[in-house]
Amino acid sequence: WMESSFAGTGGEHLPDLMLDCKDKKKKEEGPRVVVKRGGGKQALSEHGKEQLPLFDSHCHLHDDHFLWPDIPNLPLAGMCLMGTQELDWPRVEALHNPPHIYAAIGIHPWFAHRAAEDFGERQEDVLAQYPDAIVGEIGLDKYARAPDTGKCEYAAQLTVFKAQLALAGRLQRVCSVHCVRAFGDMLDCFRSAEQTLGPSAFPPAVMMHSYAGSID
């Protein structure tokens with residue numbers, strides 16, 4: 001699978017539900033998807049609609065409650081809904097229905113400073129209930145400013161990210177990682193986790209969200 005942007009001429013094939021968002025700019029940019037390589041005819045969804053051979057590896061459709069009833073009916077091969085804080089974990093849990101819809105349970109860096117000290121215990125409990133769920137959306141972001149404090153809560157981000165990365169490794173779950181202007185620190189965290197925990201205790205796969213670092 002190859003992560004890419006599905007915009008431009010391809011966007012018109014997606015349902016209006018996905019494109020006609022409150023923010024009309026979303027329609028111009030197009031949603032992010034993963035293209036699943038392979039030949040053959042397009043499959044039909046259980047509702048008889050032509051199913052696009054696309055898996056959206058990173059989306060937040062659950063953020064808009066008006067979309068909830070229609071999310072299971074979208075004619076995609078599948079999707080992964082990114083949890084961002086404890087408040088929205090119940091939403092992605094309710095929609096978790098593999099192999100079509102997968103839940104990601106995590107604390108996004110924008111909300112890391114709000115995480116309770118024992119958030120990891122509840123996160124692990126939720127993941128234990130859903131063996132197919134992944135850890136996400138987690139990560140680091142040096143650019144974002146928290147609306148409630150007006151500053152970048154980077155120290156909290158590092159603490160929360162390292163804890164979640166270790167959890168993903170211990171449970172052997174894939175993790176979805178957000179990173180903005182922190183690629184050096186991110187790689188240091190990866191190397192440190194691998195050295196401390198060992199290669200066998202590192203997450204089996206890491207999906208980098210909009211990676212913009214160097215090849216090295």
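Strand β3, spanning residues 52-59, is mostly tucked away, with 7 of its 8 residues buried. This comes from a predicted model. β3 has a partner in strand β4, residues 76-82, and the two pair in the parallel sense over 4 bridges. Within that pairing, cysteine 59 sits opposite leucine 81 of β4.

Zooming out, the protein contains 6 helices and 8 strands. Going along the sequence, these elements follow the pattern β-α-α-β-β-β-α-β-α-β-α-β-α-β. Of the 216 residues in the protein, 44% are buried. The accessible surface adds up to about 11900 Å², and carbon and sulfur atoms account for 54% of that area. As for how the chain contacts itself, take the contacts between residues at least 6 apart in sequence: 64% of them join residues at least 24 apart.

Two residues give a closer look at such contacts. Valine 135 belongs to strand β6, which covers residues 134-141. Its relative accessibility is 0%, and because the cut-off for buried is under 20%, valine 135 counts as buried. Setting aside neighbours within four places in sequence, valine 135 touches a fair list of residues: Ile105, Gln123, Leu127, Gln164, Ala168, Arg173, Val174, Cys175 and Ser176. Leucine 167 can be placed relative to this strand residue too: valine 135 and leucine 167 are 32 residues apart in sequence, with 8.3 Å between their C-alpha atoms.

Leucine 127, one of the contacts of valine 135, is found in helix α4, made up of residues 119-129. Leucine 127 is buried as well, since its relative accessible area is 0%. Again leaving out neighbours within four places in sequence, the contacts of leucine 127 are Ile105, Ala133, Ile134, Val135, Leu167, Leu171 and Arg173. So the contact between leucine 127 in α4 and valine 135 in β6 puts a helix residue against a strand residue, and both are buried because each has a relative accessible area of 0%. Ile105 and Arg173 turn up in the contact list of valine 135 and also in that of leucine 127. Leucine 167 is in contact with leucine 127. Finally, leucine 127 and glutamate 93 lie 34 residues apart in sequence, while their C-alpha atoms are 9.6 Å apart in space.

Terms used:
Residues numbered from 1 in each chain as written. Predicted model: local features only at pLDDT ≥ 70, side-chain atom pairs only at ≥ 80, totals over all residues. Heavy atoms only, no water. Buried < 20%, exposed > 50% of the residue type's maximum accessible area, 1.4 Å probe, protein only. Pairing = 2+ DSSP bridges. Contact = heavy atoms within 4.5 Å. Areas by Shrake-Rupley, 256 points an atom, 1.4 Å probe, with all protein chains shown as cover.
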